[in-house]
Amino acid sequence: MAQFYDTLLGEYIKNPWVRWIWLDKVALREFEYEMQSYDDITNKKEIGFEEVEIKAASIYSWEDVYMTAKIFKKQEEEKVTENKVLIEIENPLVEVLKRVEIDGVKVDRDRLKGIGMLLEKEIDVLQKEIIHDAGIEFNISSPKQVGEILFEKLWLPKGKKTKTGYSVSADVLSDLAINFPIAQKIVDYRHYSKILSTYINGLTGLLDENDFLHTSYNQFIAATGRLSSTNPNLQNIPVSNWVAWEVRDAFISRFENGSIIAFDYSQVEIRLLALMSEDENLIHAFENEIDIHENTRKLIETEERKIAKAVNFWVIYGISWFGLSKMINIPVKEASEYINKFFDSYPKVKIYLENIIKNCEEKWYVETMFGRKRFIKWINDANKMIKKSAEREAINMPIQWSSADIIKIAMLRVDKLIKEKKIHSKLIMQVHDELVFDVFPWEEALLKKEIVQIMENIIDKKVVKLKVDIWEGKSWKETK
DNA sequence: TAGGATTGCAA
DNA sequence: TATTGCAATCCTA
């Protein structure tokens, strides 16, 4: 008997793509029972539960417990309670995530403040210049007004359109920036504003009294098995420019003389593809530590690494040819030629993918290496476009879900290690293929050895080894 | 005030 | 016809 079981996660295992798996929705769907909302029992007054009238409160509480029990019974009948992934991964992970959330991440509040002041100055200067260049006062944060100014007052050449008017995204503006400095200034203004509002003010507002951030990890949101993070979202902290670096530099150790160490799975999805397809050329590249994008670049006969990278990712993300061609700015025909060359280069990948689709057409579902199933009801659709999209989903699913499971298992084992060896260092973040630790002085060497050992050995197949890169420093800044 | 639309940040 | 997320901001309903 399991110690801990979560019916919500049970519903997620059944239907990871269904958004409505909250208790009241499931009660309605499965038992046609309409549960009372909190608004119902408070008559929409903003009061605490202790102030709710006792009878209403008891019925409300009874519903929660009773419906949960009913759902549990149903899951027992459906054998969801025997689902390996649920019992061995998702349920135990709850406890680990709880620990990570409560422990939090230490942030240098003054550092954030400093960057904020710097940004405010930059924004102020840019704002004045933009208004001056435009010759009229307007709100630069309003896409609508920016569009009107650029295309109806200054008559800049029009680019893409959106549902409601002109697109003024960074894409469009960057094209204009070559000839019109105001466009570049708006791009910069937006960039700095974004960092200031979301990452400086946003994060500062969520710091606790000891300057720690406590995110919430959501285990049942993403249709790909990944975690997501809210309040704040710690999985989209900027990384790729100087301002971003400054923000990451504010993520520091809670320990005196402590450090931050990040462990990154290196190209985990392509490695999984190699592993699952058993393609000799792909395996050979990994075995000999040949740069995989470089390998593909040579094989598909292009000069551009960018194209090779996109083609490699094509499989992982399930992008359409059209999407690929747009991503790297080449004609669809050319994109499809590259994909053909990709398949010629890695023949077993082609066979593997064809088999996934064939299997899915027969069984209506795909399965991952850890036994998760996903039903794909459009896989035999008569509409070609819908079928193609279903096929991409089928191809993509085993890779994405397996990689999500691998890091979840790693987290469970890391947690066990930390408890068993009474390690002071803490797991503080999970960013999809990366685990970040706040490391207690003198534990660096032990931790590096043990964590890499754990992460690289989640799966015992020997054809391709998982590889983990280590980054360490005084802050999160040095970890990329 | 709620929610859609746009934009942009990550893997 | 473009993978998965979250959030700030503007703006209409």
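**Exercise 1.** Which element gives the largest share of the surface near DNA strand C?

*Solution.* The model is a predicted one. Start with the residues around DNA strand C, of which there are 28. Ser 142, Ser 197, Ser 228, Phe 322 and Gly 323 come nearest. Next, list the elements that give two or more residues to this surface: α7 (143-153), α9, β4 and α15 (321-327). Among these, α15 has the largest share, with four residues. To finish, sort the surface by class: 18 residues are polar, eight are nonpolar and two are charged.

**Exercise 2.** Describe the surface near DNA strand B by its nearest residues, its main element and its classes.

*Solution.* There are 20 residues around DNA strand B. Those that come nearest are Thr 162, Lys 163, Ala 170, Asn 236 and His 432. The element that gives the most to this surface is helix α9 (residues 181-205), with three residues. By class, the surface has four charged residues, eight polar and eight nonpolar.

**Exercise 3.** Find the helix with the largest share of the largest nonpolar core, and list the contacts of Ala 394.

*Solution.* In soluble globular proteins, nonpolar side chains tend to be buried together. Here the largest nonpolar core holds 116 residues. Leu 273, Ala 394 and Ala 410 have the most contacts inside this core. Helix α18 (residues 384-420) supplies the largest share, 14 residues. For Ala 394, leave out residues up to four places away in sequence; the residues touched are then Ile 356, Ile 357, Cys 360, Val 366, Ile 376 and Ile 379.

**Exercise 4.** Is Glu 278 buried, partly exposed or exposed? Answer the same for Trp 364.

*Solution.* Begin with the place of each residue. Glu 278 lies in the loop between α11 (268-277) and α12 (280-287), and Trp 364 in the loop between α17 (347-363) and β7 (365-367). Then read phi: it is near 55 degrees for Glu 278, a positive value in a residue other than glycine. For Trp 364, also a residue other than glycine, phi is positive too, near 70 degrees. Now apply the cut-offs: 20 or more other C-beta atoms within 10 Å make a residue buried, and 12 or fewer make it exposed. Glu 278 has 15 such neighbours, so Glu 278 counts as partly exposed. Trp 364 has 15 other C-beta atoms within 10 Å and is therefore partly exposed.

**Exercise 5.** Is the peptide bond from Asn 231 to Pro 232 cis or trans?

*Solution.* First locate Pro 232: this residue is in the loop between β4 (228-230) and α10 (242-248). Then read omega for the bond from Asn 231 to Pro 232, which is near 0 degrees. The bond is cis.

Technical notes: Residues numbered from 1 in each chain as written. Chains lettered and ligands numbered in written order. Predicted model: local features only at pLDDT ≥ 70, side-chain atom pairs only at ≥ 80, totals over all residues. Core = buried A, V, L, I, M, F, W, Y, C linked by C-beta atoms within 7 Å. Contact = placed C-beta atoms within 7 Å. Near = placed C-beta within 6 Å. Nonpolar A, V, L, I, M, F, W, Y, C, P; charged D, E, K, R; others polar.
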